[in-house]
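This report covers aromatic contacts and surface charge in one protein model. The sequence and structure come first.

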Amino acid sequence: RAIVESANARFISQGYDATTVDEIAIDAGVSPRTFFRYFPTKEALLFHDLDERLEQVRDEIAARPDGEPAAESLVAVLSGVADRLLRSEEQRALAAQLLRERPSLRSYQRTTIAHHADAEIIDALARRDGVDPDDLGLRTVVAAVTACFDIAIRDWFDAGAGDDFSERF
């Protein structure tokens, strides 16, 4: 937690690119070696709580009404994700700035984070609906909804992330 808080403070005050791992470690009171025990890269800091967030998404999917179509459930659950992820205006502004200035972060998010999230979402919906996770229909629905979510969130960030995300999605 100290590492994440130190990193966010540095990213906001001096920018992502200007912030070094050594500075983050010093601010957090740990060595750079300790930093890398917790985070394989500086980019990983931005997605530090992914497992907790995915657990929340899985729980919300499980709590959706029986018989509700998978697409409808997924849209309902994902609608609140962006607002929860970026609680403060400061966090939203930082995320928007980072994604505009560092296209590699979008790539990291899509290839590393979203791939893992899609698999978790498919598994949660399959369990809820009693279908095989390899069901092509289910996988297609998840791919379509998460692609729309990705486009909406990029559009939201490009616009500064100042309004309510659920209005875009």
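Is Phe-36 buried, partly exposed or exposed? The model is predicted, and in it Phe-36 has a relative accessibility of 44% and counts as partly exposed. That class applies because the value lies between the 20% limit for buried and the 50% limit for exposed.

**Aromatic contacts**

Three aromatic pairs are present in the structure. Two of them involve Phe-35, and their geometry is tabulated here.

| Pair | Centre to centre | Angle between planes | Type |
|---|---|---|---|
| Phe-35 and Phe-36 | 5.0 Å | 85° | edge-to-face |
| Phe-35 and Phe-39 | 5.6 Å | 40° | tilted |

Phe-35, Phe-36 and Phe-39 together make up one aromatic cluster. Phe-35 has 0% relative accessibility and therefore counts as buried. Phe-39 is buried as well, whereas Phe-36 is partly exposed. The edge-to-face pair thus joins a buried ring residue, Phe-35, to a partly exposed one, Phe-36. In the tilted pair, Phe-35 and Phe-39 are both buried.

**Charged surface**

Which residues form the negative surface patch? The patch consists of Asp-51, Glu-52, Glu-55 and Asp-59. One of its members, Glu-52, is located in helix α4, which spans residues 50-63. Is Glu-52 buried or exposed? Its relative accessible area is 60%, so Glu-52 counts as exposed. Membership of a patch requires over 30% relative accessible area and no salt bridge; the 60% of Glu-52 satisfies the area condition.

Technical notes: Residues numbered from 1 in each chain as written. Predicted model: local features only at pLDDT ≥ 70, side-chain atom pairs only at ≥ 80, totals over all residues. Heavy atoms only, no water. Patch = residues over 30% accessible without salt bridge, like charges linked within 9 Å, V, L, I, M, F, W, Y side chains within 5 Å. Areas by Shrake-Rupley, 256 points an atom, 1.4 Å probe, with all protein chains shown as cover. Salt bridge = Lys/Arg side-chain N within 4 Å of Asp/Glu carboxyl O. Lys, Arg positive; Asp, Glu negative; His and termini not counted. Charge placed at Lys NZ, Arg CZ, Asp CG, Glu CD. Helix = DSSP H or I, 4+ residues; strand = E, 2+ residues; numbered from the N terminus. Buried < 20%, exposed > 50% of the residue type's maximum accessible area, 1.4 Å probe, protein only. Phe/Tyr/Trp six-rings, centres within 6.5 Å; stacked < 30°, edge-to-face > 60°.
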